[in-house]
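Subject: Structure handover

Hello,

Here is the structure you are taking over. My notes on what was found follow below it.

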Amino acid sequence: MSFWEYVGTRHAQLLTDTYQHASAVFQCMVLATLLGVFIAVMTYRSEWAGNLATTSTATILTIPSLALIGLLIPIVGLGVPPTVIALTLYGLLPVVRNAIVGLRGVDPDLVDAANGIGMSRAARLFRVELPLAWPPILTGIRVATQMLMGIAAIAAFASGPGLGNEIFRGIASLGSANSLNQVLSGTLGIAVLALLFDAAYVLIGRLTISRGIRA
Amino acid sequence: MPETPETTSTSGASIRLENLTKLYPGNQAPAVDNVNMEIKAGETVILVGPSGCGKSTTLKMINRLIEPSSGRIRIGDEDVTDMDPVKLRRTIGYAIQASGLFPHMTVAQNIALVPKMLGWRATRVKNRVEEMLDLVGLDPAEFHGRYPRQLSGGQQQRVGVARALAADPPVLLMDEPFGAVDPITRDHLQDELIRLQHELHKTICFVTHDFDEAIKIGDRIAVLRERSHIAQFDTPEAILTNPSDDFVSGFVGAGAALKRLNLTRVRDVAVVDFPTASIDDPLESIFERLRSGPHNELLLLDHNRRPYKWLRRGDLARAKGSLARAGTLVADTVTRDATLRDALEAVLTDNAGRVAVTGRRGEYLGMVDMETLMNNVQELLEADRLEAIEQQHRLHEQRARQTQLAQEGLDDASGTEGGRGSRA
């Protein structure tokens, strides 16, 4: 069976896997963004806390993904929970680091101006600092998403959702008729998804970054 | 364009700083040491001094961007030292160097910030933004939707002032607002500010290190030395003619008498009369006056009574029945609002050492020449000197009285002027 014949006969399964892969990455990215920006907002003002946040999220990234998922299985069981936890943790670093850099990079004169015209702390954060730090944060999210696309494939190891299942099935039945097709379809699916997500981020950037600060 | 501003403007409130001190933790000496200052309602006071003298810190303590270590701040009749700083700052205009505009917001959004935070209705905010742009000389239709980076430095600074004034605060703090623009633009902005203040009568506290800027804008100038100690707090005239010590005179710099010329306008000095003739007069009478009159020169005015030509007796020979070729065209005139310095400049460049003074529509009013200028300047300097000496006497007496009262244990709260400034 050729690759295209394989895709033709299994398209229902492939589409489900692709959708689940995309959905898992998207949801974990939303979580990682919220958490990462929150961590950055809490720590950027202090040299010490900010560095701690960057270093610890960087440390998480050094743990091999297979090992992390393996370690999570005895704690949270199989399926969705270990996938979500692992992906969210991996997605944190680029978001936290870029958000801290972005927030620290806001011109001190503008912070002074914001305070001086009577903005409260929250208003200053949401109306001045975060909008100005948004371009680097979005870049962080973009980098993290690309990374999660690949890491999400490993989630199949813990019976997680996504295109990883296709790849693992292929590897498990190495030598059989469809094993190569399975691995190939999983891998190509992930690559296509990554490109689509990237295109989406370009669009989001256009829509959410103020014309006044767009490069 | 709104024809008339619908919102009436609040005029200034007085500011009183009492024993204001800022001591940063870990420092031996305070950054600002025991400043006492009273700024009257509607007055423009300039804090001027070398870098690092604490002038900016003093300013920022007024809206409590920097919390004072001790001392009180009073605005109007209210002690604001313990007030919620966020609420306080919404009632104080704040303009800083390089405008401080938020680059991700449009001009209109920037200006609307404070009114929105104060909960104004949307239509009122919108009208106010237009009114403010108009006030600072920017066309609302054109600039409304622009982003700060699409504006020149001078335009940004205007928008910065518009934002500071948007919620109609009685007090305006300006921290070297024109420090980052080129000299020509700075000059325009200073003129604008003077015009604005003439209309609005806010209480302005303005920080700069440029003494010429201070003289130009200030009603009174506080020359500060290190730790914000007040070396002299007086009118520009008094500081120029009677600096209290070497530090102040060093800061005033060379050419105090020349700088003094910037403070007086042509309308304040006596202009001299000069024989004139209208271009509509019959030629015969003009000739007759030139030939027989005591003057050997006439100023010829055009149909609108604007200075047109200088006519000398010698030019008559060339006239030959028409004035078209006779005389020299008037090259330069000064208006009544020009400073004496401008007038001096014009007199010096004129080959006969005189310049015509014109009114609002360019009509002839009189003449200034070297002699009038000299006399006037000497009189002015003399008057300044006398006044400064008198002022010093008064201060000495006041201080003596205060110490006496303090010694008797009576805390005298005299001089609490407060209140609202008058409206124009």
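Read along its sequence, chain A of this predicted model gives the pattern α-α-α-α-α-α-α-α-α. That is nine helices and zero strands. Taken along the principal axes, the C-alpha atoms of chain A fill a box of roughly 70 × 40 × 20 Å.

Two kinds of annotation for chain A come from UniProt, in an unreviewed entry. The record "domain: ABC transmembrane type-1" covers residues 18–201 of chain A. Over residues 18–201 the chain is 84% helix and 0% strand in the model, and the C-alpha atoms at the two ends are 19 Å apart. The "transmembrane region" annotation in UniProt covers residues 24–44, 56–77, 143–163 and 183–204 of chain A. Two of these spans are described here:

- Residues 143–163 of chain A are 57% helix and 0% strand, with end C-alpha atoms 20 Å apart.
- Residues 183–204 of chain A are 100% helix and 0% strand, with end C-alpha atoms 32 Å apart.

One helix pair in chain A was examined. Helix α8 (residues 164–172) of chain A packs with helix α9 (residues 179–208) of chain A at an angle of about 155 degrees, and their axes are 7 Å apart. Angles over 145 degrees count as roughly antiparallel, and α8(A) and α9(A) are therefore roughly antiparallel to each other. The crossing of α8(A) past α9(A) is left-handed. On the α8(A) side, the residues in contact are Glu166(A), Ile167(A), Arg169(A), Gly170(A) and Ile171(A). They meet Ser179(A), Gln182(A), Val183(A), Ser185(A), Gly186(A), Thr187(A) and Ile190(A) in α9(A). By type, the residues of this contact divide into four nonpolar, six polar and two charged.

Chain B contains strands, and two of its sheets are described next.

The first is an open sheet of six strands in chain B, in the order β6-β7-β8-β3-β9-β10, with mixed pairing. At its edges stand β6 (92–96) and β10 (230–234) of chain B; each has a single partner strand, so one side of each is left without a neighbour in the sheet. From one strand to the next, the twist averages 15 degrees. Strand β9 (residues 220–224) of chain B pairs with β10(B) over four bridges, in the antiparallel sense. Within that pairing, Ala222(B) stands opposite Phe233(B) in β10(B).

The second is an open sheet of three strands in chain B, ordered β15-β16-β17, again with mixed pairing. Its edge strands are β15 (333–335) and β17 of chain B, each of which pairs on one side only. Neighbouring strands of this sheet are turned by 35 degrees against each other on average, direction ignored.

Strands β16 (residues 354–358) and β17 (residues 364–369) of chain B run antiparallel and are joined by five bridges. Opposite Val355(B) stands Val368(B) in β17(B), while the bridge partner of Ala356(B) in β17(B) is Met367(B). β16(B) and β17(B) form a hairpin with five residues between them. In the turn of that hairpin, Gly362(B) has a positive phi of about 85 degrees.

A helix also belongs in this part of the picture. Helix α14 (residues 340–349) of chain B lies across β15, β16 and β17 of chain B and runs at about 135 degrees to β16(B).

Regards

Conventions. Residues are numbered from 1 along each chain as its sequence is written. Chains are lettered from A and ligands numbered from 1 in the order in which they are written. This is a predicted model: local features need pLDDT of at least 70, side-chain atom pairs count only at pLDDT 80 or more; totals for chains, interfaces and linings use all residues. Side-chain values use heavy atoms; hydrogens and water are left out. Two strands pair if DSSP finds at least two bridges between them. Axes are lines fitted to C-alpha atoms, for helices over the stretch in contact, and angles run from 0 to 180 degrees between N-to-C directions. Angles under 35 degrees count as roughly parallel, over 145 as roughly antiparallel, 65 to 115 as roughly perpendicular and the rest as oblique. A crossing is left-handed if the near helix is turned anticlockwise from the far one by less than a right angle, and right-handed if clockwise. Contact means heavy atoms within 4.5 Å. Ala, Val, Leu, Ile, Met, Phe, Trp, Tyr, Cys and Pro count as nonpolar, Asp, Glu, Lys and Arg as charged, and the others, Gly among them, as polar. UniProt positions are given in the numbering used here, feature names are shortened, and annotations may be inferred rather than shown by experiment.
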